[in-house]
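User: Please take a close look at one part of this model. I would like to know how the two domains of one chain sit against each other and what makes up the surface between them.

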Amino acid sequence: MASIELRNIRKSFGAVEVIKGVDLEVRSGEFMVFVGPSGCGKSTLLRLISGLEDITSGDMLFDGKVVNALAPSKRGIAMVFQSYALYPHMTVYDNMAFGLTLEKGHDKAEIRQRVEKAADMLQIRQYLDRLPKQLSGGQRQRVAIGRAITRDPKVFLFDEPLSNLDAALRVATRIEIAKLHENMHNVTMIYVTHDQVEAMTLADRICVLRDGHIEQVGTPMELYEKPNSTFVAGFIGSPKMNFIGGERAEKFGAKTVGIRGEHLTITPNEGTWSGTVIHTENLGADSYVYLEMGTEEPVVVRLDEANSYKSGDTVHISPMADKIHRFDAAGKPVN
Amino acid sequence: MATDTLAPSAAVTAPKIKSELMQQRARAARIFLVPMLIALAVVAGWPLIRSIYFSFTDASLSNLDGAQWIGFGNYLRWTTLDSGAVRYRGLLADPAWWNAVWNTVRFAFISVSFEAVLGMIVALVLNAEFRGRGLVRAAILIPWAIPTIVSARMWSWMLNDQFGILNDLGMRLGLLSQKVAWTATADTAMTAVLVVDIWKTTPFMALLILAGLQMIPKDIYEAAEIDGVHPIKQFWKITLPLVRPALMVAIIFRLLDALRIFDLIYVLTPNSSATKTMSVMARENLFDFDKFSYGSAMSTMLFLIIALLTILYIWLGQVRFDGGDR
Amino acid sequence: MGATFDLWKLTKWTLFYLLVAVIVVVSVFPFYYAILTSFKSGTDLFRINYWPDSFSLNNYYNVLNSGSFPRNLLNSVFVSAVTVLLALFLAVTASFALSRVRFRGRGLLLLTILGVSMFPQMAVLAGLFELIRFLGIYNTPWALIFSYTIFTLPFTVWVLTTFMRELPVEIEEAAIVDGATPWVIITRVFLPLMWPALVTTGLLAFIGAWNEFLFALTFTSNNDTRTVPVAIALLSGNTQYEIPWGNIMAASVIVTVPLVVLVLIFQRKIVSGLTAGGVKG
Ligand SMILES: Nc1ncnc2c1ncn2[C@@H]1O[C@H](COP(=O)(O)OP(=O)(O)OP(=O)(O)O)[C@@H](O)[C@H]1O
Ligand SMILES: [Mg+2]
């Protein structure tokens, strides 16, 4: 059990400030996901929590105790890296046991028992005698997770653990991690990702970062339904939220209105707006229609079934009234 | 590169928080570096200081401890004769020394130039794809692997005036009209030394250049091929500029090596003033002529000249070494 | 059209292979000729042959059974091996600090180390001579081991630093999270990953020590303490005009063959080690 609190955390590399004052509380047993565009400081923030990187100012608390200067190995954390970071010269067993052999007070039998328990959890027991290079990418990542489990950490840190896997494996391993979280419900997990599907499906709460700041923290549905900026609105959800400005927005009393593709309906004869079809995508279960209507980016409409619109068709669309997001000039929601 | 991510951030906003991890690493770094630094100080720093010190004394081999400070006397001193003429003595006024300086610089310049050109040719050959490339690479490693002393002796046998195979070959091919005493004749001694040195060290140059060549992406050449750029133009416009950093580093390594040449000349052409270099002359004075302090002055000068030329070269050539802080 | 093109191509390839042949012959011939000479004895020595036509082990017998050459070989092996082990031991830890920990003055320190490795050895000869006599190790192998540190240590530090810089950071960070101290990281994580680099560096340093001449000539003074390069350089006959070329060539071959074999076995590694010194970037 560990809760983590960040108080006005800042981090500079030389003269460049990368984390610009972050306040955040991660509750004990929570699955927290950090998302944000590349270079916004997700990894840096995770490394500050791990202790691999020094904080420049502010306070970091684990269970209410300041750990600003505490060494990573004493924080009760385990980390899973994007590149797996397995020790190439050690067998899977030795990889998983390494941390325990360095700690005092574990005898051989106990270490073996803990490694095997973790291995069973991830179904990698048959690989214990292999070297990492004799495993596939997915198996390696599971060993990396197993190594973390073996140490019995209070906090699990993941830095884009799935990004080196192919699409199918990514889904499978994602489900595995979700199960892991269920089984280890009193372990706090912090997970960095680019992939908003991972974020939406895994997270208890998501923390959206932008340029070293926290943009919004909330449950996936809160972020989806009540984004508190155009940035978050555009970042969460797929396809991306449509933003419509100009006169059309003024009618709604906003500088910009945002409406998700799934909240637009196509009406044959007349609608709130009209546009020209420039492209369609049929994905089987659902389909997208891209409309040109003078906005910066084409407006995407998501339909629940296949469609037969063709480029050049003119169509009318209407937003669902209660799903409209109104934003002011600063990109903040209008109440 | 990402290697530095573990490091404490630089001093601009000095972190108040010194974590255990960083402290532990800093302490370990200190402990790890101290033995090496002590070793280098004892084996290089102190002897260098003492050598320079000796050059300002009247030390002799048999009386190192009783050396007296005499200032710049070993470098330059003068006496005014009764006739009013001033007579200069000392290293800076010693024509034999300047002859050695000239020999060294000439040797270094010529040998490194040849090695750069030949090394480039060999590197280009090795960079081409052809059958037996591995064999050629193995073959050129042989001169590099042979100890200098051994190559000096091998070549002095081949260059032998009576029974040397090179004279024989030269006569058979009609290149020589009579046998030449290559190492003993003043005119040819330097040539002999140069030939052996170039033979021995071109492989090193070639390998360094080859490493540079292999880092040039292949698609640049493919693009040039499509644009119809002539191969010779490709060399001047693409290969040479891109391999320049590697070449400059290779040249400086070799130049520093050539400027301190000792063993080859000591064995191949002993006692020939045509090839006597700074190193040979310094050692002679130190240990053979019992002019310890005078020899120290020479080695100090040698150090200064090499340091000066190196700085000049790095400055003019804008050489960048990989390493250090980015 | 086609015919002239082919002709041009043929000439090009002929010229290319001619160049290759010249490179190979020039590289190998002196060593070949030394081997050839080493198997000749008596007056055969003074007949010039391009192909082997007589075979005698006399020279090898002479070199190995008379005088101090076997002793010199042992000296060389001992001095080179100890020098390399010492340098590697000091260099592994130092290069961890230089490649993995950032501290003020690191760049300067690296440049100094590079500087020392390219230092003219003559510049320290007088001071080293005094120090070695002071330490009482003059004319012992320790004098050489001591003085060889001046070039093996900076070289190994430099090359190992370059190698260690390439090891992935995340592996080190995983070890840190696992609770490994820098010493544990070096010994249990990095060293097992670095052994090819250690072999290469060690081999290059060994060759450097094996071939060293100036210090060996200066800091030893009798036949039993010399190393082979000095022994070969000083091999002479009864009079100045009676140079024992056969013996010299036999000794040369004995000294060189192990090196050539090692170099050929490890050629890829050696090339990477030689170029680690600074071509990148
Ligand atoms: N050791 C370092 N030294 C200097 N700058 C750094 C260092 N590490 C990270 N940065 C900078 O800090 C910023 C944030 O980097 P970080 O790795 O945290 O981004 P990220 O959000 O994880 O991006 P990505 O999604 O691409 O992994 C970047 O601009 C990066 O260049
Ligand atoms: Mg990242």
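Analyst: In this predicted model, the C-alpha centres of domain 1 of chain A and domain 2 of chain A lie 38 Å apart. Domain 1 of chain A covers 4–229, and domain 2 of chain A covers 239–327. Five residues from domain 1 of chain A and five residues from domain 2 of chain A take part in the contact.

Next, the area. The size of an interface is often given as the accessible area lost when the parts come together. Here the two domains of chain A bury about 390 Å² between them. Carbon and sulfur atoms account for 54% of that area.

Which three residues of domain 1 of chain A supply more of its buried area than any other three? They are A:Tyr224, A:Pro227 and A:Ser229. Together they give 88% of the area that domain 1 of chain A buries against domain 2 of chain A. By class, the side of domain 1 of chain A that touches domain 2 of chain A has three nonpolar residues, one polar and one charged.

Now the specific pairings. The rule finds zero salt bridges across the interface of domain 1 of chain A and domain 2 of chain A. It does find two residue pairs in polar contact there, both at pLDDT 80 or more.

To sum up this part: the interface in chain A buries about 390 Å², draws five residues from each domain, and has two residue pairs in polar contact but zero salt bridges.

Notes:
Residues are numbered from 1 along each chain as its sequence is written. Chains are lettered from A and ligands numbered from 1 in the order in which they are written. This is a predicted model: local features need pLDDT of at least 70, side-chain atom pairs count only at pLDDT 80 or more; totals for chains, interfaces and linings use all residues. Side-chain values use heavy atoms; hydrogens and water are left out. Domain bounds come from an automatic or database domain assignment. Contact means heavy atoms within 4.5 Å. Buried area is the accessible area (1.4 Å probe) that two parts lose on being put together, summed over both. A salt bridge is a side-chain nitrogen of Lys or Arg within 4 Å of a carboxyl oxygen of Asp or Glu. A polar contact is a pair of N or O atoms within 3.5 Å; within protein, one must be able to donate a hydrogen and the other to accept it, and residues adjacent in sequence count only if both atoms are side-chain atoms. Ala, Val, Leu, Ile, Met, Phe, Trp, Tyr, Cys and Pro count as nonpolar, Asp, Glu, Lys and Arg as charged, and the others, Gly among them, as polar.
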